[in-house]
Amino acid sequence: TECVSGCVCPEGLFDDGRGGCVEQKDCPCIHNNELYSSGDKIKVECNTCTCQKGIWQCTDDVCYGTCAIYGSGHYNTFDGKFYDFDGSCEYVATQDFCGDKNSSGSFSIITENVPCGTTGVTCSKAIKMFLGVSDDSQYISIIKHVGDDVQYWNRTVGLYLVIEASNGVILIWDKKTSIFIKLSPDYKGKVCGLCGNFDDKANNDFTTRSGLQETNSLSFGNSWKQSPMCPDVTQEIKPCDLKPHRKSWAEKECSIIQSEVFKICHSKVDPLPFYEACVHDACSCDSGGDCECFCSAVAAYAQECIKAEACVFWRTPDIC
């Protein structure tokens with residue numbers, strides 16, 4: 001019904017969807033069910049889109065990809081696939097040593113996951129970033145070698161430690177349980193691990209170490225463990241079913257994600273998977289640190305909102 005010429009408006013004018021009639025050059029554009037006037041600009045990742053005659057005209061810069069690992073086993077891949085995996089071992093988060101065993105690569109990021117709480121869920125306890133060359137062993141072990149090939153810098157930005165390498169890899173860590181990995185567009189389709197393959201297609205992100213496509217997050221996650229001695233994960237843990245007394249508290253606390261506080265972001269980033277992850281974490285963190293688990297889960301949604309150009313000031317003296 002938006003910007004259609006016809007019985008609503010005089011000939012040559014178009015219904016603008018807001019109850020008015022406008023010339024074609026002033027037709028609004030729609031993004032996430034919101035109307036934008038002609039000339040309005042929005043950011044979509046690293047590109048700017050301008051509304052012109054009812055159509056979005058966008059710059060086509062290639063953007064950095066982001067993978068998030070946070071809370072008790074939540075993953076959001078470079079291509080935006082959301083899943084949970086609770087393995088207790090060291091796993092390849094992402095690396096560019098993929099396919100052929102002799103393929104050359106320049107980095108590998110390993111996450112060490114350990115149980116947190118008593119329900120069996122796991123959190124990332126340590127992160128290892130290897131930069132440089134590999135040797136040719138069966139499990140590709142990467143020699144920690146920072147030489148002329150890859151330089152790196154680290155700095156602290158607010159709550160986060162940021163490590164930036166000259167090969168286009170950025171690691172952002174909140175010094176607790178949230179890790180964000182950013183990769184330059186040069187790595188599109190050339191990486192593998194729990195963060196997926198960064199080829200703009202979420203449906204093939206569950207590619208195992210041996211190159212097979214899986215539909216199940218458990219067999220996919222198990223394939224990326226670093227040590228064959230670690231046990232495989234055989235079932236998905238539902239902490240709120242195991243700790244029903246914590247469920248109502250968890251739902252009440254996490255409702256902030258679906259509340260007015262984040263309203264500006266709801267049309268840009270779907271809050272539901274982040275709300276569900278938050279409830280999962282708030283139920284599972286039952287051995288101290290439950291506020292930290294809740295805060296990390298809300299911060300993960302806030303981070304996605306910032307990427308979508310919706311800044312939300314949600315931290316208060318009472319909340320995180």
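This passage describes the disulfides, one helix pair and two unusual backbone angles in a predicted model.

A disulfide is a covalent bond between the sulfur atoms of two cysteines. The structure holds eleven disulfides. Three of these pairs are described here, followed by a cysteine whose sulfur is too far from the closest cysteine sulfur for a bond.

C49 and C58 form one of the disulfides, with an S to S distance of 2.0 Å. The torsion about their S-S bond is about 110 degrees, so this disulfide is right-handed. The two partners are placed in unlike surroundings. C49 has a relative accessibility of 4% and therefore counts as buried, because the limit for buried is under 20%. C58, at 45% relative accessibility, counts as partly exposed.

Another disulfide joins C265 to C305, with the sulfur atoms 2.0 Å apart. Here the torsion about the S-S bond is about -95 degrees, so the disulfide is left-handed. C265 lies in helix α4, which covers residues 263-266, and C305 lies in helix α6, which covers residues 290-307. The pair therefore ties together parts that are 40 residues apart in sequence. Both C265 and C305 are buried.

Helix α6 also holds C295, a partner in a further disulfide. C295 is joined to C320, with an S to S distance of 1.9 Å. The torsion about this S-S bond is about -95 degrees, so the disulfide of C295 and C320 is left-handed. The pair links distant parts of the chain, 25 residues apart: C295 sits in α6, and C320 sits in the segment after α6. C295 is buried, with a relative accessible area of 14%. C320 has a relative accessibility of 35% and counts as partly exposed.

C311 gives a contrasting case. The closest cysteine sulfur to that of C311 belongs to C305, at 9.2 Å. This distance is too far for a bond, because a disulfide requires sulfur atoms within 2.5 Å. C311 counts as exposed, at 51% relative accessibility.

The next feature is a helix pair. Helix α3 (residues 244-254) packs with helix α5 (residues 272-284) at an angle of about 135 degrees. Their axes are 8 Å apart. The two helices are therefore oblique to each other. The crossing of α3 past α5 is right-handed. On the α3 side, the contact is made by R246, K247, W249, A250, E251 and C254. On the α5 side, these meet Y275, C278, V279, A282 and C283. The residues of this contact divide into eight nonpolar, no polar and three charged. The charged ones are R246, K247 and E251, because Arg, Lys and Glu count as charged.

The last feature concerns the backbone. Most residues other than glycine have a negative phi. K53 has a positive phi, near 50 degrees. K53 is placed in the loop between β6 (47-52) and β7 (55-58). Its relative accessible area is 53%, so K53 is exposed. C320 also has a positive phi, near 55 degrees. This residue lies in the segment after α6. C320 thus combines a positive phi with a disulfide to C295.

Technical notes
Residues numbered from 1 in each chain as written. Predicted model: local features only at pLDDT ≥ 70, side-chain atom pairs only at ≥ 80, totals over all residues. Heavy atoms only, no water. Buried < 20%, exposed > 50% of the residue type's maximum accessible area, 1.4 Å probe, protein only. Helix = DSSP H or I, 4+ residues; strand = E, 2+ residues; numbered from the N terminus. Axes fitted to C-alpha atoms, helices over the stretch in contact; angles between N-to-C directions. Parallel < 35°, antiparallel > 145°, perpendicular 65-115°, else oblique. Left-handed = near helix turned anticlockwise from the far one by under 90°. Contact = heavy atoms within 4.5 Å.
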